[in-house]
Amino acid sequence: MTRYLLSVLFGLLLLPLNAAATLRVFSCEPEWSSLVTELAGEHADVFTATTAQQDPHYIQARPSLIAQMRRADLVVCTGAELEIGWLPVLMARGGNPRVKPGTDGYFEAANFVTMLGVPQHLDRAEGDIHPRGNPHIQLDPHNIERIAPALSDRLAKLDPANAADYGKRLEDFRQRWQAAMQRWETQGASLRGMPIVVHHESWAYLNRWLGLNQIGTLEPKPGVPPSSSHLAELLETLKATPAKAVIRAPYQDPRASEWLSKQVPGLVMIEMPFTVGGNAQATDLFGLFDSSIALLKGAQP
Amino acid sequence: MSPGVKACIAVLALSLPVGVRAASADELADIRRQMETLQQQYEARLKQLETRLEQAEALARQNQNELSEVKTAPPVAAATPYPEPAETGTPAAGNAFNPALSVVLQGSVNSYSENPDNYALPGFQLGDEGGLANQGLTLDETEVTASANVDPLFYGQTTLSLSNQSNGGTDISIEEAFVDPTMLPAGLDGRFGRFYSDVGYLNRFHSHAWDFHDAPLAYQAFLNKQYGDDGMRLAWVAPTDTYLMIGGETFAGNNFPAGSSNRVFGDVQSLFVNVGGDVGVSNAWLAGLSGLRVNAHDRQTDVPGNTSDTFNGDSNLLLGDFVWKWAPNGNATQRNFKFQTEYFYRDESGDIAVDNAGNSGMMDYNGNQWGWYAQGVYQFMAHWRAGLRYDRLGADNNLKVTSLGGFPDNRSVINASGLDNNGHDPQRYTAMLDWSPSEFSRLRLQYDRDESLINRIDNEWSLQYIMSLGTHGAHEF
């Protein structure tokens, strides 16, 4: 009996080794799942830990996520402490040394872009600030362009048998991405200088790319919910400097932007997709930017 | 300051003016000249610093202008130069490898309608932590946690706890101090040192992460609020979509429900199985079954009325736990709900020495005890939560007095032991409301209607704060 149990246990231990025909990728956010799918195709089996309807700062370290972490060959996350409240628990409980930070199995996208909004001094009195800068890096397609080759290299390193294919896919993706960027930048030219109000500092990279003019935020400080006194102040600012749109991510409470758009005539409320899956059009990274630009242009007269 | 140092200072102070008076005019002129040179040197240095500061300010202004330019009107046609990302990571310095530090400040004000000194759970012998929080304004535990990777193979973490002692002093205890091997393969997970056992659900959480100010009655009664000890753990996570974790621990057995350690590899062993998963995108659950086998040697417990009991024997505990969490679309920031319940069953057998006012009776003891609680906590809007909890305990203890040791009769020995519940099952109703302005702060108001004592209802109110400083912690499910 004991011998039988032992052999079953031993067999279970060996299971993941036998099953590793394709790379199992644990992706923290949907944008990286889309990028991995572009770069790896059928070579990767991608699990996405969060959806566009969830705030990536606040995710429960659910048992199902630990189970996925346990079997991952590669973990792809934004990094820059975006996942600090939950990823360390998954790492500690997952018992998978192949994906620990510092190994080839752990990929942090933020390491490959120039961060915006790196705070001058660190004080939690300033709200929920990130020491390494604003982590919402996915909304500038130039960042995606920078991250793609690094991610492709990593895939090839983990799965050398298919290295040539990863190279081919990267080249193909680059061509399509650059063509798309050109298209978006032509379409988005009229958005330059467009005054907007945002819910949370989630749009720094989009603002910089499209040249949007951010007049204010609904949150008085990052992570602090909109207060009536702050909204009243914002209303005064908008009287002097009118904005065209108030934008927010799908996971952010719509009430403050609804209220503001009712107070200010001509202020359009937009629920941006924010990431892949954020609306019906944003089915992949291409759709994400197609939809974002279309929505912003829709707010223009 | 020692008297010697004081005397030295006094002598110096007295001798100083005398020394100055004794200096000649030449010496004075010399001193003046030296002072002037010094002054000139300082002025030059100050000027240098001022220019440097101005330069820095100008640079900062320039940077800011550049930033606002980027914000308002950068060229859209991809002409923006994308600088190469700077080398990430900070330059090496003496303190660059400091461990991650966090401090949790906790305090409360508590009021009880019954005298807290009489607190007991009839049918149970309580450990030293099994009672109520201090009455009035009080600091609860202050926790200091440091953690870091030791090297490529090990991770270490320690939590020191500072708390009030009943005699007015401060008690510093090592709550946890453990090492995790980080490179164990194939889903294996190890730990050694001092740590909280993985039995049950709530046991592994530090008190600042609890949803109520106090521990469930069952935790007070069976685990002295929380069971941690010096030991080793090995656990394994199965490579399945449904979370399955199996593990075991061995502990020295120096803490309640054990007594003082008697075996090389410990008097306490645990086994646990946890299973969990998701139901759709909005629901997640975790269920667990665990056992704690204890061989207790000289376990000391106190019963109100200056009685102390010493237990020797076996104490075997079985726990079942279940947690269900709901959040619309899995987004817990606005609204979410958490249901949690645990069931405890214990079988104890051995002998008990009952000491009271110089009398020392002996009993044969064979007890079955059970307890459970269920609680629900609902976050009805961002930063605000309300919760309800119900607790219940029961005991069926078989007591046979073998020696009176000065007690007048069997009944008085049994009464002094606190193990006879006279058919009364302790129960408690709790309600709480808390406000967390950020992830790092929480204020909580709580009411307990505690029916633990026979024919007594204790109305307990507490107002509590929990403040976290330093490193951003990550919490378990």
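Good morning. I begin in chain B, where strand 16 and strand 17, the latter covering residues 458-470, pair in the antiparallel sense over 10 bridges. Please keep in mind throughout that this is a predicted model. Across that pairing, Arg449(B) stands opposite Asn459(B) of strand 17. The two strands form a hairpin with 6 residues between them, and in the turn Asn455(B) has a positive phi of about 60°.

Strand 16 of chain B also pairs with strand 15. Strand 15 comprises residues 427-438 and strand 16 residues 441-451, and their antiparallel pairing likewise runs over 10 bridges. Here a hairpin of 2 residues makes the connection. One bridge in this pair links Asp434(B) with Arg444(B), the latter lying in strand 16.

Remaining in chain B, I turn to a single residue, Phe272(B), which is found in strand 9, residues 268-279. Is Phe272(B) buried or exposed? Phe272(B) is buried, because 22 other C-beta atoms lie within 10 Å, and 20 are enough for a residue to be classed as buried. Setting aside its neighbours within four places in sequence, Phe272(B) is in contact with Asp198(B), Val199(B), Gly247(B), Gly288(B) and Ser290(B). In addition, the C-alpha atoms of Phe272(B) and Ile246(B) are 5.8 Å apart, although 26 residues separate the two along the chain.

Let us now consider chain A as a whole. Chain A contains 10 helices and 8 strands. A compact globule of 301 residues would have a radius of gyration near 19 Å, and the 21 Å of chain A agrees with this. Taken along the principal axes, its C-alpha atoms fill a box of roughly 80 × 40 × 35 Å. Buried residues account for 49% of the 301 residues in chain A. Of the contacts in chain A with a separation of 6 or more, 62% are between residues 24 or more positions apart.

Next, the sheet. Four strands of chain A form an open sheet in the order 6-5-7-8, with parallel pairing. Strand 6 (213-217) and strand 8 (268-271) stand at the edges with a single partner strand each, so one side of each has no neighbour in the sheet. On average, neighbouring strands of this sheet are turned by 30° against each other, direction ignored. Strand 7, residues 245-248, pairs with strand 8 over 4 bridges in the parallel sense. Within that pair, Arg248(A) has Glu271(A) of strand 8 as its bridge partner.

Two helices of chain A complete the picture. Why is helix 4, residues 87-94, described as largely enclosed by the rest of the structure? The reason is that 7 of its 8 residues are buried, among them Leu87(A), Met91(A) and Arg93(A). The cover over these buried residues includes helix 3 (63-71) and strand 3 (74-77) of chain A, together with strand 6 (188-196) and strand 7 (228-237) of chain B. Just after helix 4, Gly95(A) takes a positive phi of about 60°.

Helix 5 of chain A has 18 residues, 141-158, and should span 26 Å at 1.5 Å a residue; its end C-alpha atoms are 26 Å apart, which agrees. This helix bends by about 25° at Ile147(A), and Pro149(A) follows within four residues. The buried residues of helix 5 include Ile147(A), Ala148(A), Leu151(A) and Leu155(A).

Thank you for your attention.

How values were computed. Residues numbered from 1 in each chain as written. Chains lettered and ligands numbered in written order. Predicted model: local features only at pLDDT ≥ 70, side-chain atom pairs only at ≥ 80, totals over all residues. Expected span 1.5 Å × (residues − 1). Bend = angle between axes of the 7 residues up to and from the residue. Buried ≥ 20, exposed ≤ 12 C-beta atoms within 10 Å, placed from the backbone. Rg over C-alpha atoms; globule rule 2.2 N^0.38 Å. Contact = placed C-beta atoms within 7 Å. Pairing = 2+ DSSP bridges. Axes fitted to C-alpha atoms, helices over the stretch in contact; angles between N-to-C directions.
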